[in-house]
Amino acid sequence: MNGILAIYKEKGYTSRDVVNILSKELGTKKIGHTGTLDPLATGVLVVCIGQGLKLVELLTNHDKEYIAKIKLGIETDTLDITGNIIKEENIDKYSKKEVELALKKFIGKIKQQVPKYAAIKVNGKKLYEYARNNEEVELPVRDIEIYDLKLVSDVVNNEFYIRCHVSKGTYIRSLIRDIGYELGTVATMTELERTKLGNFTLEDTYTIDDIRSNMYSMFNIEEVLNLPKIVVDENLEKKIRNGQVLDKFFDDDMAMIMNKDNQLLAIYQTNENDKVKPYRMFI
């Protein structure tokens with residue numbers, strides 16, 4: 001079994017939970033996801049199976065879109081509503097215009113501090129392990145990009161929804177924390193739905209119940225990659241099957257290499273010497 005599944009992750013499941021369930025239902029251990037969603041979050045979770053696992057890095061690098069709900073006046077240790085409240089403020093009502101002006105300041109390339117409850121490692125240890133043990137650690141700061149950020153609801157009782165289109169590595173919980181600071185208060189995330197990951201949208205997703213009922217279809221490897229297809233002759237195919245570094249024979253930085261029977265042989269990428277080398281082999 002080889003391919004890509006777009007799953008609708010429901011609230012309460014970890015991304016690992018979903019992978020474990022799918023592994024059992026599909027009868028394969030060759031399975032993994034392309035980007036963690038917190039248990040609170042719902043939405044698009046892309047899962048790679050079999051040879052599809054070779055695409056995890058490429059798909060993880062894609063940008064993402066979310067709808068999130070923000071509550072002003074409360075900050076928690078996890079930066080979402082599941083955490084312990086560490087700060088609470090009595091605040092005046094914020095207007096729609098005030099919120100919109102604050103959101104505009106985040107569009108573009110910015111630096112973002114990773115939340116302390118996160119799975120990334122510092123000195124070989126996950127951040128949330130430091131947090132759970134009440135151990136001090138310097139939180140990493142990342143360069144990210146916010147492509148678009150809009151208010152998509154009224155501001156009611158200092159709660160509202162935003163839609164954001166962001167680069168890989170962006171933590172929406174941290175973005176919401178910083179939006180609160182920009183408004184002169186604190187904030188926490190109360191809802192989150194990932195609506196898009198790369199080219200995968202909510203319309204592409206299946207639920208776990210769909211999988212159990214065998215009411216689903218997988219994407220094949222070629223159709224999920226936004227890369228040019230290069231068809232090679234038998235002589236070049238032999239060299240590619242051997243994983244050889246070759247003189248560049250396509251214009252882009254990366255391409256899918258197909259044989260005359262339309263079989264995917266490999267993904268090749270340009271190296272620093274203007275030659276091309278294997279990025280992933282599929283034969």
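Where is the place of Tyr117? In this predicted model, Tyr117 sits in the loop between β7 (108-113) and β8 (121-122). Its relative accessible area is 22%, and because buried means under 20%, Tyr117 counts as partly exposed. Beyond its neighbours within four places in sequence, Tyr117 is in contact with Asp77, Thr78, Tyr128, Ala131, Arg132 and Arg173. One of these, Ala131, is 14 residues away in sequence, and its C-alpha lies 6.5 Å from the C-alpha of Tyr117.

From this loop we turn to strand β12, which spans residues 187-197. Of the 11 residues in β12, 8 are buried, so the strand is mostly covered. Three pairings involve this strand. With strand β4 (residues 64-72), β12 pairs in the antiparallel sense over 9 bridges; Lys64 has Leu197 of β12 as its bridge partner. With strand β3 (residues 42-49), the pairing is parallel and has 2 bridges, and here Gly43 is matched with Arg194 of β12. Strand β13 (residues 200-201) pairs with β12 in the antiparallel sense, over 2 bridges, and Lys196 has Thr201 of β13 as its bridge partner. The hairpin of β12 and β13 has 2 residues between the strands, and in it Gly198 takes a positive phi near 60 degrees.

Thr195 gives a view of these strands from a single residue. Thr195 is found in β12 and counts as buried because its relative accessibility is 16%, under the 20% cut-off. Leaving aside neighbours within four places in sequence, the contacts of Thr195 are Val44, Glu65, Tyr66, Ile67, Phe200, Thr201 and Leu202. In a regular strand, side chains alternate between the two faces of the sheet.

The nonpolar interior comes next. In soluble globular proteins, nonpolar side chains tend to be buried together. The largest nonpolar core here has 43 residues, and the members that touch the most others are Leu149, Ile162, Ile172 and Ile179. Helix α1 (residues 15-26) gives the most to this core, with 5 residues. Apart from this core lies another, of 20 residues, which includes Val46, Leu197, Ile267 and Phe282. Leu197 of this second core is also the β12 bridge partner of Lys64.

Ile162 shows what one of the well-connected members of the largest core touches. Not counting residues up to four places away in sequence, Ile162 touches Tyr66, Ile67, Ala68 and Ile70, along with Leu103, Leu149, Lys150, Val152, Ile176 and Ile179. Tyr66 and Ile67 are also among the contacts of Thr195.

Notes
Residues are numbered from 1 along each chain as its sequence is written. This is a predicted model: local features need pLDDT of at least 70, side-chain atom pairs count only at pLDDT 80 or more; totals for chains, interfaces and linings use all residues. Side-chain values use heavy atoms; hydrogens and water are left out. Buried means under 20% relative accessible area, exposed over 50%, partly exposed in between (1.4 Å probe, protein chains only). Helices (H or I, at least four residues) and strands (E, at least two) are DSSP runs, numbered from the N terminus. Two strands pair if DSSP finds at least two bridges between them. A nonpolar core is a set of buried Ala, Val, Leu, Ile, Met, Phe, Trp, Tyr and Cys residues joined through side-chain atoms within 4.5 Å. Contact means heavy atoms within 4.5 Å.
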